[in-house]
Structures are given as structure tokens and as C-alpha cells.
Amino acid sequence: MKDFAYVRAGDVTTALRAIAAEPGAAFIGGGTNLVDLMRQDIERPGTVIDITTLPLDEIEETADGGVRVGALVRNSHLAAHPLIRTRYPVLSQAILTGASAQLRNMATVGGNLLQRTRCLYFYDGAAACNKRRPGSGCDALEGFNRNHAILGASDACVATHPSDMCVALAALDATVEVESVRGTRRIPLVDFHRLPGDTPDVETAIAADELVTAVELPASPIAVNSRYRKVRDRASYAFALVSVAAALEVRDGTVAGVRLALGGVAAKPWRAREAERILLDAPATEESFRRAAAAELASATGLSQNAFKIELARRAIVATLSRLLTDGSAA
Amino acid sequence: MTLTQAQSPPRPGASGRLVGKPIDRVDGGAKTSGAARYAAEYPYPGLAYAALVHSTVARGRITGIETAGAAAVPGVLAVITHENAPAMKPAPPMSVLNLSSLATGTRVNYLNTDEVHWNGQPVAVVVAETQDAALHAATLVRVTYEEFAATVGFTAEEPNAKPQKSDMLQSGSASKGDAEAALAAAPVSVDLRFTTPQHNHNAIEPHATTAVWDGDRLTVHEGTQNVAWVRDHLAARFGIPAGSIRVISPYVGGAFGGKTMVWAGTILTVLAARVTGRPVRMMLTREGVYRTVGGRTPSAQRVALGAGADGRLTSLIHTSVTQVGRVGGGPEQVTSQSRHLYDAGAILVRQSLVELDTLSNTIMRAPGESIGTFALEAAVDELAYKLDLDPIEFRMRNEPERNPIDGKRFAHRMLREAYALGAERFGWSARTPEPGSMRDGRWLVGMGVASAYHPSWQLPANVTVRLSADGTVLVRCGFHEMGMGGATAQAQIAADALGVPFEAVRVEYGDSVLPTGPGAGGSGQTASVAASLLTACEKLKRSMLALARRSSGSPLRGRRLNGLRARDGGLWTEPGPGETYAAILARAGRPHLEVAVGSDTRVGAMVGQARFMAKFLRDRRRWMKAACGAQFCEVRVDPDTGEVRVSRWVGAFDVGTVINAKTAAAQLRGGIVMGIGMALSEETLVDPRNGRIMNPGLGEYHVPVHADIPPIDVCYLGDPDPTMPLGLIGVGEVGITGVAAAIANAVHHATGRRVRDLPITLDKLL
Ligand SMILES: Cc1cc2nc3c(=O)[nH]c(=O)nc-3n(C[C@H](O)[C@H](O)[C@H](O)COP(=O)(O)OP(=O)(O)OC[C@H]3O[C@@H](n4cnc5c(N)ncnc54)[C@H](O)[C@@H]3O)c2cc1C
């Protein structure tokens, strides 16, 4: 990897000033994605700003009954926290299906949000990739695209966002707090990642000099009955082919509330609004689940190798909602 | 390798105090504490580091190579390209008469040509003061190419496959009767196509070399399965006598066949050390391993079987297409097991090859049988279902008395017993045959079986054994230890043969200055070394006795060896007096006694080679020798998503005498784990547009993780093979064979679906 300068920021202001002063700099959290990409010569920051000692590692209950998670909370800590396990089991489960125990011990919430795609052509400097080198083309379109997007893709890019945690956050209506020398702003998680369009190199709504400081989970009684289902090629340590984050509230056999998001299907965690709309007030039956899943995936399109994901996503949605009905959040 | 031969081994079946016991590995402590030093861990003053630049096109000519940027990186010592590299000699031509000529990884004369033969070929080497500087500078070398048309897609090229020619070691085709006619006439038949993708070894230790020149003498630290091959190959390439080269390889962090040939990294490290005049270390990146070390060929196979209503096979046809690189690689014995497993009336096997502009394929655990048993054993299961027969019963009806293809005698064959043992431990009788009939909650449950099969090999091994006056024993043989427990097993054998404590025996191996040992391959190393070691121990005891008999004071005076027992550190009459070796040596005033089996002198090597070939051919005429076994598995399939998880495994093996119950079980279990990967998840993604491997890393090449592996019950029959030293048959490879078929058959039992294309990923079951 290219030589770089290393600075450790002791407080948020120092971190923000440092990045504002140097456009090519990058924050480093757990480093589990950034360092790999630097080794691969895909990211080449001139300066790496270590933020791991910033005081952003708390998990606190908020006044309105939600939870605020500091951007530097480690993934394993977040998954194990009693507030998360009891109130947002879908989030705890999602994190625990990701990566490996060692990686989760290192990975931070901020880094997880900003991890980059696992497209094989993005990772190979010899390949054409509009995300890596805008205008160079997309070798995945006619290549190995089994893991690629079926929703919201474009001719320029068919990559997916690989995070599990973010899928749960999308279902939970989380908000991302970001800060820069210009001030603080809040971005809904569902707007944080962008679909590729003609500019797949622009992946998120965050500016280059902004620091993620926290993720906020609103109070969400429905989330108590939630679960995460990840479908993958081996039992652990593989990215999702398709994943489902779901929360369900049923009253008298009718769906009184539902949150649904999909992973592994698009360049962003895919909040399934259409399915939610169909399910609300519908009978809580497999039949309804099937209708909702079909509606959500009506616009899905497959590539040469990933068309199976459309059917897989349908089935995963139905299976996850059905299990919520029978088993609740229990593993 | 110089071919030298052990004398015929003593009678087998002499199971002793130690042979068979689950003794801990002698190097376990060193490995777990980090004291064991691997090839990339040898410190040298002034050590420099090298990194490779790989081509990004499959075929072409380098038109420009821009190295200034790399050379400008602080700490860079040299950027070596075809424009400035010193000349090397081309790879020696391959010949079965000189086995070390098989060591050639590819025929490309690296950096001595501007031609590119595969996507990933090294086109430059950067040498620097640090590994980081070398790796970074390597990314700054800019290469332009004139591209040539390249043939890189296996599937597209398959129709152009050409029949494989037979040679002394491998046979490309064989037949008995008219199998096609018998197939056409069979009342019940299947005719099926199976495909398997490329696989890569993924040993935990990436290939690494440390090379040090001292004038015209060269020392190489290298994790290898064949120190002698590395030595001889480097001697040929660098034009120096083999005697000037020492290859040291005491620890190898896994290999699975991938460290048998000599690949670019080794040669270019030696070159870099010569160019810079510094000791140089190169540890390949994981990507570098994928791009420069061959993998297992993909395959397309046809298996057609015909049977009568009585369930007796009348026809067995197995044909295969595999790939070789235009620059190297060899055929795989994909149809090997199909010549030996079933008593079919007519048999036809035929192997064909396509030549591609890709890196050479190479051997990988059970080359041939691992993928060949997948096709054969899955087809057998399909036919059993068509016949409405239990798949084990069907196999038992077709179990041969003699080798089916040529009527030779089996040296040892206990497949029936293996099935009986396995079925009992697995609980096969609880299985209901109807597909989809077994469930556990929401999971579909399936149970499958398949036969395991791997021929047994024995290669020459030169050995010396020295017994010292302090009662210790030193065994020296240049064999190899990649984690199998070879040194431990040989120490057990020597301790039993000489009647000394296990702790008294030290085994030296993994060094080309030692008597030439066998390569670690073909599951033949333990047997090969054991044969010579037993002969040496016998010789040593004779010499000891002779020494004792010279003295009037010895209680052994007038005794003959076959009336004595080696125990308690000496030779004893039963019952009655005897003497320790230490006492014999002390009386004779000798510090030690040493014997040798085989010789590394020029003449000795030639005699050895002739003996080996004679024995090899004689054995092959007389017997069919192999390990076999029965693989039983249970899978669970998620009915919604098609995810397959293996939930139970029993492997029952006929591997003759087991030398060390612990390390043998680890070998068999490891093979099964690797087979589970092959069945469910492993696949090297070679882009058919440009021959580039797109998943060169452990993140995207899916070997099984712990969560994929159930408890594995490994058992064996323990019955010695009378034709093998101590009755042992190798255990390194048979474990992987049959695994993928057992899983495919279990998946069918669970779902009613037949997947004939590996890996069995969930999309194939939706
Ligand atoms: C082998 C492997 C398997 C994996 N499997 C999975 C999986 O199955 N599921 C899954 O979800 N993930 C998986 N991951 C990815 C893993 O979750 C991410 O690597 C991790 O979450 C990144 O967090 P980090 O703190 O290490 O980020 P870093 O590597 O430190 O940073 C990642 C990016 O975020 C930026 N960044 C970090 N923190 C901040 C901040 N506070 N504000 C602004 N920018 C910031 C960095 O500049 C960098 O661009 C896997 C990773 C590996 C290596």
C-alpha cells in the first residue's frame, strides 16, 4: 500500500479540522474495510485519521425512549447490549450474522455504514468499474454477478451494499448523525446510501469531510417482535445473497404494524415500503405475505447469474414474516 | 528426485507397542507456541523482500514496461523485468524416467521473455528493503501489451477436447467388452453429465521462499512437498550443480498438492537474490498464490450405467474432459475409480483434454478421484433409485472379487466391511428411502452414501538410522511434513522396530542434504519411508547382534536374530538374558552404529531407480492396491431457501494398518472437510472473457467454516494390507473421495432434486 501519514484525533473538533484541512484524508475506525482497500490499492488516502479514541463509544437511552449509539461503538458490543437485544432484536441478530467474531470486535458502527461493496470487479484494479474509475465501464454486467443487485441498479453499476447491520437500521427508521466544521445534520438511514444512477462513485449522502458521530434509533414498540434472516452460501462468514429484516405487530389476526427491509439486493439497504403498504391491515397470513413480497419485487430484474435472487427474496420475506408470526424473535 | 529403492520390506502385521496409538505430534508444541519456523520466517542479515507484478491479459506481448515510478519508491533495490533480467535456462523437458522433471510448474521462462501466456503471469519482480515497499512499488509498474487472441473458457472449448495419451504412469483410456452396446441393451440405465469447477488449495501458509546465495552455492527455505525436486529444478534453471543447492523445509503450512511443483515465486526469489546480491524473501500474497500456483482442473464428465432387473451392472461408461495449460499441467485420472469399483459386464473409460491459455492445472488432494467419485457415485445412486434398490444393497450386488477392468487380484479389499461398519455407526437402517420423506421441524432431512477410493502408492526412500551409545536413535530421511504427522509416525515405527522408547527416537526430515526421501504425494509417503525404515532397523539389529557376538562376554553370543526380541532398548532372548544396545556399543567402544538403506551416490541412485521401476511395474502387474471406504452423511435443506447444511458424518475406511490413530483420523477428517467444501461452496471463478481469476482470496473463495462442519465420526477396519510395509495404506487423500457424491445423494434424498453441477449452491435447489 501507498505510504500515508497517520494522525490520532483526541477529540471531535480536532478530527473535523484535520479532515477539512486535507481533502485526501480518511477516518479509520476498526480498519477492517479501509485497510483491505488500501492494501488492494483501491483507497489511497494521504492521511489516515484515527478516530478510535474519540468519546463516541456510548450506547444511551434517549429521553423519548429511543437509543443513541455512538459511531465508535464496536459491532460486537452493540449486538450484545441488553437494550438492543431486548428492544431491537433484529439489529442484534443482523450484526451477529455479519463477518466473524474477530471482525465484529474491531468493526465500528460508523465504519459499517460506510463499508464499500464486495463486487469482484470493484476489488480488482485490472477490471472496468465505474465506481472505482468513473467512465471505465462495468465488467460485472456480463461477468460474475451472482451476488449483485436486482433492485435499483443501473447500466453503470449493479453492485450491492454488503452490510447486514444497515438492513436492520433501515427497517428501524434509524437516523445517522453527521458532523463537520460546518455543523451537525441528521440523515435518515434510508437516505444515507444512494442508488447508482449515472454516478455509482457517489455512494452516500455524507460529504467527504463529515464524520459520523452517532446512529439514533427511535422508540419502536413494534421492534420488540422482530427478526433478521440472512441467506448465504455457507453457514457463517459470507455476505448475504439476500437478507430480510422484519418487525411485525399483529392484532386479532390482522397486521397492525410492519417494518420490512431487504439486504443483498441493491446498492442500499432496501426498505420495502410497497410490501409494508400491502400488509398493513391485511390478514396476517402466509397468503398476504406472499402478495406483499411479490408486489415489492415486481420491479426486480435479474442479470445473467442473479435472477434466482428474485425468487429467493420472495421466499425469504414470506419465511421471515411467517416465523415472526409463529416464533416471534426467538432464534 | 533421484530414484532409489528400499529393499523389500519385512513381513507386515507386526503391530507393536506404539504403532496404532494416538500419540501427539512431536512438533505440536513447537507449532502451537510459534517456535516452529516457516519458510518466510528465517531472519538473515541484509534480508530484502520481493513482490510480483502480474499480467492482466491472458495472451500477448509486452510492448512497454514502465518501472521508473516503482524504482523511485524509497527502499526499492531493483525492478527486474524481461528487459534486464539475467538469462535462466528453460525448464527441463518432462520425462517419466526422470521424475524430478515433473516438478516444472509451467514451461514459461519467467522474465526471460516478453510473451504473456496467462492472466496473472509474473512480468516483473520488485525487490526492496521492506515488504511494504516492495508490495507498494509493484503496484506502480505500468505494463502495456499487444494482446493476442486467447482461448480461456473451459466450457466453450470442451467440444474440442482431444483424447489423452497413455504413458507409463497414467492411462488415458481402458475398456472391457462393448460398453456402449451393453448400455443400449440394458433394461435399466442412466446416462448423465456432471460438471465440476476449478478449485484452489488454499493452504493456510501462502507460498514463500527465502533464497540466499553464497558465491555459487544456494540455500533455499521453502515450504515444499518435495525438497529434491526444488533442488533439481533450480539446478537446471540456474545452471549450477544440484550439490550446490540446499533446500530446507522442516515445516510446511499445508499444501494439498499445491507445493509439489516448482512455481514462479520460488524461481523468481532465487533470481532476485542473484540480481541484488542479497538474501531475498518472497511471501506471495493470497492473490499471488491464485495467480501463480495452479489449481484443480474443472471437469465435464459423462457417466452412463446399465443394469439388468436383478441389479447387476452390465455396462459402465465414464468419460471426462479436463484442462491443461498450454504452458503446463497434466491430465487428471478422473476415471481411475471407475476401473476398479464395480463388477460391470462391460466397461469403457476415456479421458480427454483441452489446452487453454491459462496457468497450468496441478495436483490437488486426490487429483482425479475426488471429482471422479463425485460423478460415478452420484450416478450409481441414481441408478439404484431407478432400480428401486437401496444404494448400499445395489453396490454390494456389484462388488467385484477381482479388479473389474483386468481381472487382477486385489491386494486388499474390504469395501463390504466398510459399508457394514459405517451403516451400523450411522444408523442407515432408520432411513426411509422416499425422497422428501424425512423431516426435522421445518428442515428437510436427507441421508446419502458413496464409496471412497484412492490407489495406494509407494515411492523410493533412502534412509539412515543411527543408534548411539546413549540409547538414542536418529532417523534421517528427506521426506516432508505438511502437518500430517509424518515424523511422529516414523518415530513410532522405528521405536517399535528397535524396541526403544518413543522419546529416544529423533527424526530428521525436510532437508535436501538428508538421504533422498519420497515426495509427499499420492498418499504414499508414510508407506514409502516405513518400508525403508523397517529394512534399516532390521539391518541395524543384525549389525548390533554381530557386534555383540564378537565378544565372549555377551549373553547374545551364539544367538540368531529371529530368536530374539527387540525391547527395553536392546535385544533379548525370550525369556532370558539379553543386552541393551548401549551395553553392546559400550563394550565394543563404539559411539554409535549407523546403517543406510538406498544410496544417493550416482551409481546408487541409478540402481535405486532401476529397482524402483522394476518393483513398480511388477506390483502393478500383480495387484490392484488401493484404500477405500464408505462415506455416510446427513444433510438438512431449508425448504424455503435451498440452503444445505451437513448435520452428520460417518466415514468408515479400509486403510490397512493405522500407524497413529490421532494423525490418521485428522487426515481422513480433513479430507472430508475439504470434500464438503468441494460439494457445497468451493469454486474458483475464472472469467471466461479474459481468463482472470476473480475471487483470489478467502473472502470470496468459500472454503467451509467451522459452522459448516458437523461432528465427523471417522472409523477404520484396521486390517493390514499384506502387500504393504506394516500393512499400511495411505490415508492422505482417500478421505476427500466420495464426499461430494454422498452429499449430492443426500440432497436428492432430502429434496428429490439431482444436482450434477458442483458446487451445490442454493440457487440450484430453488
Ligand atoms: C472477511 C470479511 C467478511 C465480512 N463479512 C461481513 C458480513 O457478512 N456482513 C457485514 O455486514 N459486514 C461484513 N464485513 C464488513 C465489516 O462489517 C466492515 O468491514 C466493518 O463494519 C467496517 O467497520 P470498520 O470500523 O472496521 O471500518 P473502517 O474500515 O475503519 O472504515 C470503513 C470506511 O468508513 C469510513 N469511516 C469509518 N468510521 C467513520 C466515521 N465515524 N465517520 C465517517 N467515516 C467513517 C472510513 O474512512 C472508511 O472509508 C466483512 C468484512 C470482512 C473483512
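Analyst: Helices (H or I, at least four residues) and strands (E, at least two) are DSSP runs, numbered from the N terminus. The model is a predicted one, in which local features need pLDDT of at least 70 and side-chain atom pairs count only at pLDDT 80 or more, while totals for chains, interfaces and linings use all residues. Residues are numbered from 1 along each chain as its sequence is written, chains are lettered from A and ligands numbered from 1 in the order in which they are written, and side-chain values use heavy atoms, with hydrogens and water left out.

User: In which helix of chain B do Glu538(B) and Lys541(B) both lie?
Analyst: Glu538(B) and Lys541(B) form a salt bridge (a side-chain nitrogen of Lys or Arg within 4 Å of a carboxyl oxygen of Asp or Glu), and their closest N and O atoms are 3.8 Å apart. Glu538(B) is partly exposed at 28% relative accessible area, whereas Lys541(B) is buried at 12%; buried means under 20%, exposed over 50% and partly exposed in between, with a 1.4 Å probe and protein chains only. The two residues are three apart in sequence, about one turn of the helix that holds them both, which is H13 (residues 525–549) of chain B.

User: Which residues come nearest to the ligand?
Analyst: A residue is counted as near if one of its heavy atoms lies within 4 Å of the ligand. The shell around the ligand divides into 14 nonpolar, 13 polar and five charged residues, where Asp, Glu, Lys and Arg count as charged and Gly is among the polar ones. Of the 32 residues around the ligand, those that come nearest are Phe27(A), Gly31(A), Thr32(A), Thr108(A) and Asp164(A).

User: How much of the ligand's accessible area does the protein cover?
Analyst: Among the pairs of N or O atoms within 3.5 Å, a ligand nitrogen is 2.7 Å from an N or O atom in the side chain of Asp164(A), and a ligand oxygen lies 2.9 Å from a backbone N or O atom of Asn33(A). A polar side-chain atom of Lys230(A) likewise lies 2.9 Å from an oxygen atom of the ligand. Of the 970 Å² of accessible area that the ligand has on its own (Shrake-Rupley method, 1.4 Å probe), the share covered by the protein is 93%.

User: Which element gives the largest share of the shell around the ligand?
Analyst: In chain A, the elements giving two or more residues to this shell are strand S2 (26–28), helix H2 (34–39), helix H7 (109–114) and strand S8 (211–217). The largest share, four residues, comes from H7(A).

User: Between which domains of chain A does the ligand lie?
Analyst: The domain bounds come from an automatic or database domain assignment. Two domains of chain A both give residues to the shell around the ligand, so the ligand lies between domain 1 (1–53) and domain 2 (223–326).

User: How many residues apart in sequence are the parts that Arg8(A) and Asp50(A) tie together?
Analyst: Arg8(A) forms a salt bridge with Asp50(A), with 3.4 Å between the closest N and O atoms. Arg8(A) lies in strand S1 (residues 5–8) and Asp50(A) in strand S3 (residues 47–50), both of chain A. Arg8(A) is exposed at 53% relative accessible area, while Asp50(A) counts as buried at 7%. Because the partners sit in these two strands, the parts that the pair ties together are apart in sequence by 42 residues.

User: In which strand of chain B does Glu634(B) lie?
Analyst: The side chains of Arg648(B) and Glu634(B) meet in a salt bridge at 3.1 Å, N to O. This pair ties together parts that are 14 residues apart in sequence, because Arg648(B) lies in strand S29 (residues 644–654) of chain B and Glu634(B) in another element of that chain, strand S28 (residues 626–637).

User: Which residues are linked with Arg229(A) in a network of salt bridges?
Analyst: Over all chains, the structure holds 71 salt bridges. The network that includes Arg229(A) also takes in residues of chain B, namely Arg442(B), Asp638(B), Glu643(B) and Arg645(B).

User: Is Ala366(B) buried or exposed?
Analyst: Ala366(B) is a residue other than glycine with a positive phi, near 50 degrees. Its place is in the loop between strand S16 (346–356) and helix H9 (369–386) of chain B. With a relative accessible area of 0%, Ala366(B) is buried.

User: What is omega for the peptide bond from Glu574(B) to Pro575(B)?
Analyst: Pro575(B) has its place in the loop between strand S24 (570–573) and strand S25 (578–580) of chain B. The bond that leads to Pro575(B) from Glu574(B) is cis, with omega near -15 degrees.

Methods
Polar contact = N/O pair within 3.5 Å; in protein donor to acceptor, adjacent residues only side chain to side chain.
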